[in-house]
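Please open the structure in your viewer and keep the selection tool at hand. The tour below proceeds one selection at a time.

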Amino acid sequence: MKSYNSKLTKKNIASMVALLVFAVAVIGITIGFASSANKAKEVDSPVLETNKPVESFSLPASEYTVLKEASVDKLVYMPSLNMWKTHNGIDLGVKENTEIKSVFSGKVVKVEQSTLEGVVVTVNLSNGMTAIYKSLASTTLKEGDKIDNGAVVGIAGTMLSESDMGTHLHLELKKDGKYVDPTEFINIVSSNK
């Protein structure tokens with residue numbers, strides 16, 4: 001039987017180190033190319049980024065005029081209150097006796113009569129969205145009711161804190177407990193009449 005005697009010499013060690021460095025370099029280059037190719041694929045493929053939830057949102061009224069837009073993070077002057085404050089919703093001027101519709105399906109979590117804000121109805125959607133309908137004259141809803149997208153929430157009215165606007169809906173939306181601009185979710189057109 002033949003036996004092999006392997007002697008480690010400086011030449012052999014240098015050759016092994018060189019081979020090892022070469023292998024690591026080849027692997028590194030291969031990984032780099034693969035990573036670049038994946039990033040290129042990510043950039044080239046269309047990515048849909050939106051704040052909009054899966055359920056489509058409906059308009060609360062078919063005929064309206066935008067009276068005041070939301071200013072969730074800016075102070076605006078409120079003439080009826082004679083003060084500056086954030087305006088956490090959008091005000092839609094409507095005709096008297098206009099039925100206000102639900103902007104999404106959900107569960108009624110609160111119905112209250114407020115001195116400053118009229119009848120207020122709060123509806124939760126399971127994905128962390130909340131709609132707050134203020135300035136209503138009346139509603140037949142009660143806490144615990146389920147409401148479908150487009151179903152009647154109440155009749156538009158007025159509210160003392162925005163008495164200069166007449167009959168209108170003050171609509172607020174929250175996402176995960178924070179106020180958001182309703183126009184980010186609902187296709188409200190400024191010039192609709």
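Which residue in S4 is the bridge partner of Val66? It is Leu92. Please bear in mind throughout that this is a predicted model.

Select strand S1, residues 65–68, together with S4. The two strands run antiparallel and are joined by 3 bridges.

Next, add strand S11, residues 168–175. S11 also runs antiparallel to S4, and 5 bridges link the two. Among the residues to display here are Ile90 and its bridge partner in S11, Leu171.

Now select S4 alone, residues 89–93. Because 5 of its 5 residues are buried, S4 is largely enclosed by the rest of the structure. In a regular strand, side chains alternate between the two faces of the sheet. In S4 both faces are covered: Gly89, Asp91 and Gly93 are buried on one side, and Ile90 and Leu92 are buried on the other.

Proceed to the largest nonpolar core, which has 30 residues. Select Val103, Phe104, Val121, Tyr133 and Leu173, the residues that touch the most other members. S4, S7, S8, S10 and S11 each give two or more residues to this core, and S8 supplies the largest share, with 4 residues.

Centre the view on Leu173. Beyond its neighbours within four places in sequence, Leu173 is in contact with residues including Phe57, Phe104, Tyr179 and Phe185. Of these, Phe57, Phe104 and Phe185 form one aromatic cluster.

Finally, select Lys174 and Tyr179. Lys174 lies over the face of Tyr179, at 4.7 Å from the ring centre.

Notes
Residues numbered from 1 in each chain as written. Predicted model: local features only at pLDDT ≥ 70, side-chain atom pairs only at ≥ 80, totals over all residues. Heavy atoms only, no water. Buried < 20%, exposed > 50% of the residue type's maximum accessible area, 1.4 Å probe, protein only. Pairing = 2+ DSSP bridges. Phe/Tyr/Trp six-rings, centres within 6.5 Å; stacked < 30°, edge-to-face > 60°. Lys NZ or Arg CZ within 6 Å of the ring centre and 35° of its normal. Core = buried A, V, L, I, M, F, W, Y, C linked by side-chain atoms within 4.5 Å. Contact = heavy atoms within 4.5 Å.
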